[in-house]
Amino acid sequence: MTSSQNSPDIVSRSGAQSWFYSDVVKDHFFNPRNFMQDESSYADAAMGLVGSPACGDAMKVWIKADPQTERITDCKWKTFGCGSAIASTSMMSVMVTENGGMTLDEARQLKPQHIMERLGGLPARKIHCSVLGDKALRSAINDWYRRVGRLDKVEEGYGRIIDQETKVTDKDIEHAVLDGADTLEKVQAKLKVGIGNPACIPEVEQLMRFYRAKYFGV
Amino acid sequence: MTYMRRIYLDHAATTPVHPAVLKKMLPFFTQVYGNPSSFHTPGLEAKKAVDAARKSIAEKLNAHSDEMVFCSGGTASDNLAVHGIFGVEKAHRGHVITSAVEHPAVLEPLQHLVKRGKIELTVLPVDKSGKILIKDLVAALRPDTVLVSIMYANNEIGTIQPIAEIGRALLRWRKEKSTPYPYFHTDACQAAGTLDLDVEKLHVDLLTLNGSKIYGPKGVGLLFVRRGTKLDPQIRGGGQERGLRSGTENVPGIIGLAAALELAQANKEKENARLSKLRDKLIAGLLAMPKTRLNGHPTDRLPNNVNVSFMDIEGEAAVLYLDAQGIYCSTGSACASSSLDPSHVILATGVSYEAAHGSLRFTLGHSTKSSDIDYVLKTIPDIIAKLRLMSPVNLDMKHF
């Protein structure tokens, strides 16, 4: 983890631990790039929304792309979330539009870890705050293809692999939660996720929490 | 470097040591450095000082010197109270009543005992203001209830619990059932600087104090243990503190705790009146902003506590922006803690997750001036407006 040791730390409400943000994170947090200030000229732009204020993070992403080259020409966003959530979305908007813009296919490959690398790292337990931006982006890309009638390019897909051993994806976890699995044990009973690879369990639990908040408001 | 105004509004997290307290402590680092257990003059000097501090604190609590047990802080004292009660043979199993808004220093040891199968735990809900209802507590009492632990004033929302009233209800129960149980513990760490600590009025058997919340040093706390209340020591060794907390006394810390409590209790009325005025000014100013709500009780709250939720934004982001403007406060948002859930205290008052994520706590103190409150009220609207502009969320207040 790269972080500036000179910056003032923020002490958690429990007072138990503290952490530092890198200078790049702070720069993007205090001077966010490309955030949506006036939606009026984006009514027809492709848009993606993920998260909810109940689960602590919500992100909305608008994109415009050249119909010929499919390169992203503009990316705007709005984020409800903490310092790392805001900085991650800001950095993502820079990454997809810089150097002439990513193609939509390239942008689909963008992962939270690429954004984090450019941010100079995030404190370990802030990573969960930064994993939604790329999903909002992918959702906006699907919306772009839908709007131009290229339904063959809409990727509903099977989601992102959470557990390399069982190849369980976030979509699988979403379905398990919708099927009534409200504890880790019940999700594991359905999917065997994390049993051979316990390192992924925190992420599974976080996804469960997220989907439970999204669908059941708990 | 350019000058930046620094306004510390996190006195519930910790306070600076008062210069007068520090002055009283200093000789005990280099001049009166003896071990109070030693049988020579330097040892005796240290012992005398510790005895005087013990007597001074006992007087403030309307208690006896032999009821004071010095520990290494509020958490250590709370742990001694909880584990101590259940370490004693007769009471090694039983039922405990506590509240949903307790500090982790009480909740965690209790949950640990639940996991070990040693106790059954009733966690009382609180009303919208953060108070428990006495009738709920009385209804939860059982013949095997060994301990009731309810905090005096809440660290996050500042709500003051009716401790004396609870104490009287428990006395009646004991009398009717002719039993010494349940023992009554209160964590008074946040209350110590502002509220009445007379244990005879409060009818408590165990009471926790902490130096670092009342302009005393960190690393020192106290557990009042009423005569006849049996505790099992959690730290064994040389038998200091009547065997309840072994280890060489933290002499400068103990001197500092006594001096801090003396100062706090002496200036209580005046300082409470001053802080209440500033508190109400800050609350009124924040609530005048759109889409805000007060967390905790409107009046039965600590004179220095302000806790307000700003809808549509996330608290950690606001704390960081305020930090950049030299205003230091804290939040109950999940993003500012090690868990994924927002504050258990604010959620317990029935506030939605959305509002809990946007909560900010400002706790005032000695250094807080009226002009500081003006500066906060001048600075904060732009920050909240900027974060709201960045936020995709626009909740309808009629649901919150």
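Select Ser56(B) in this predicted model and display its surroundings: once neighbours within four places in sequence are set aside, Ser56(B) is in contact with Ala258(B) and Glu262(B). Ser56(B) itself belongs to helix H3 of chain B, which covers residues 41-60. Its relative accessible area is 14%, and because buried means under 20%, Ser56(B) counts as buried.

Next, select residues 251-266 of chain B, which make up helix H9. This helix has 16 residues and reaches 23 Å from its first C-alpha to its last, close to the 22 Å expected at 1.5 Å a residue. H9(B) is mostly covered, with 13 of its 16 residues buried. At the N-terminal end of H9(B), add Asn250(B), which acts as a cap there: one of its side-chain oxygens lies 3.0 Å from the backbone nitrogen of Gly253(B).

The tour now turns to charged pairs. Side chains of opposite charge can pair when their charged atoms come close. Over all chains, the count comes to 34 salt bridges, and three of chain B are worth selecting in turn.

Start with Asp205(B) and Arg226(B), whose closest N and O atoms are 3.5 Å apart in a salt bridge. Asp205(B) sits in the loop between helix H8 (199-202) and strand E7 (206-210), while Arg226(B) sits in the loop between strand E8 (221-225) and H9, so this pair ties together parts of chain B that are 21 residues apart in sequence. Both Asp205(B) and Arg226(B) are buried. Extend the selection to Arg174(B) and Glu200(B), since these residues, together with Asp205(B) and Arg226(B), are linked in a network of salt bridges.

Move on to Lys281(B) and Asp374(B), where the side chains form a salt bridge with an N to O distance of 2.8 Å. Lys281(B) lies in helix H10 (residues 268-287) and Asp374(B) in helix H14 (residues 370-390), so the link joins parts of chain B that are 93 residues apart in sequence. Lys281(B) is partly exposed, at a relative accessible area of 28%, and Asp374(B) is also partly exposed, at 40%.

Finish with Asp312(B) and Lys291(B), which meet through their side chains in a salt bridge of 2.7 Å, N to O. Asp312(B) is in the loop between strand E10 (305-310) and helix H11 (315-324), and Lys291(B) is in the loop between H10 and strand E9 (292-294), so the two tie together parts of chain B that are 21 residues apart in sequence. Asp312(B) counts as buried, with a relative accessibility of 4%.

Terms used
Residues numbered from 1 in each chain as written. Chains lettered and ligands numbered in written order. Predicted model: local features only at pLDDT ≥ 70, side-chain atom pairs only at ≥ 80, totals over all residues. Heavy atoms only, no water. Helix = DSSP H or I, 4+ residues; strand = E, 2+ residues; numbered from the N terminus. Buried < 20%, exposed > 50% of the residue type's maximum accessible area, 1.4 Å probe, protein only. Contact = heavy atoms within 4.5 Å. Expected span 1.5 Å × (residues − 1). Polar contact = N/O pair within 3.5 Å; in protein donor to acceptor, adjacent residues only side chain to side chain. Salt bridge = Lys/Arg side-chain N within 4 Å of Asp/Glu carboxyl O.
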